[in-house]
Amino acid sequence: PASPRSAARAPPPGGPEACGQAGDSARGMPPAEEIDMRTRNLGPRECLSTLANEFRFNASFVEKVRRLEKRGYNGWRRVRGDGSCYYRSVGFGLLEQLVVA
């Protein structure tokens, strides 16, 4: 399962144009749907629009994602859902912010 807690304000690697299926395949990465999260701890950064699309039948959740976009968040990562997913997402988010700063 994905964790929206790992949403980030920093631009995706490669600039804003790298945010999407075409950008991912251009960088040699498979689409997010093909990534097996049972073997990966963290997925690649994805646009918030992919999260909204995944939950398109839940209007309340989609509205919350749109509010995140308005606040300046532009990406999220899927996190493997095991007992350490919270710590993994928070720790990686902190390290990612240190690299960007």
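A salt bridge is a side-chain nitrogen of Lys or Arg within 4 Å of a carboxyl oxygen of Asp or Glu. I kept that cut-off for every charged pair below.

**Entry 1: ground rules.** I worked on a predicted model, where local features need pLDDT of at least 70, side-chain atom pairs count only at pLDDT 80 or more, and totals for chains, interfaces and linings use all residues. I number residues from 1 along each chain as its sequence is written, and side-chain values use heavy atoms, with hydrogens and water left out.

**Entry 2: the salt-bridge network.** I found 8 salt bridges in the structure. Arg-45, Arg-77 and Glu-96 are linked in a network of them. I looked up the Arg-45 to Glu-96 bridge, where the closest N and O atoms are 2.6 Å apart. Arg-45 sits in the loop between helix 1 and strand 1, Glu-96 in helix 4, and their positions lie 51 residues apart in the chain. For elements I used DSSP runs numbered from the N terminus: helices are H or I with at least four residues, strands are E with at least two.

Next I took Glus-96's bridge to Arg-77, with closest N and O atoms 2.7 Å apart. Arg-77 lies in the loop between strand 2 and helix 4, so this pair ties together parts 19 residues apart in sequence.

Are these residues buried or exposed? Both Arg-45 and Glu-96 are buried. I call a residue buried under 20% relative accessible area, exposed over 50%, and partly exposed in between (1.4 Å probe, protein chains only). Glu-96 has 13% relative accessibility, so it counts as buried. Arg-77 is buried too, at 11%.

**Entry 3: Glu-54 and Arg-78.** I checked another salt bridge, between the side chains of Glu-54 and Arg-78, at 2.7 Å from N to O. Glu-54 is in helix 2, Arg-78 in the loop between strand 2 and helix 4, and they are 24 residues apart. Glu-54 is partly exposed, because its relative accessible area is 39%. Arg-78 is at 14%, so it counts as buried.

**Entry 4: the nonpolar core.** I define a nonpolar core as buried Ala, Val, Leu, Ile, Met, Phe, Trp, Tyr and Cys residues joined through side-chain atoms within 4.5 Å. Which residues make up the largest one? I list 6: Leu-48, Leu-51, Ala-52, Val-62, Val-65 and Trp-76. Helix 2 (48-54) and helix 3 (59-70) each supply at least two of them. Helix 2 gives the largest share, 3 residues.

**Entry 5: Thr-39.** I placed Thr-39 in the loop between helix 1 (21-26) and strand 1 (46-47). Thr-39 is at 63% relative accessibility, so it counts as exposed. Its C-alpha atom is 8.0 Å from that of Arg-80, 41 residues apart along the chain.
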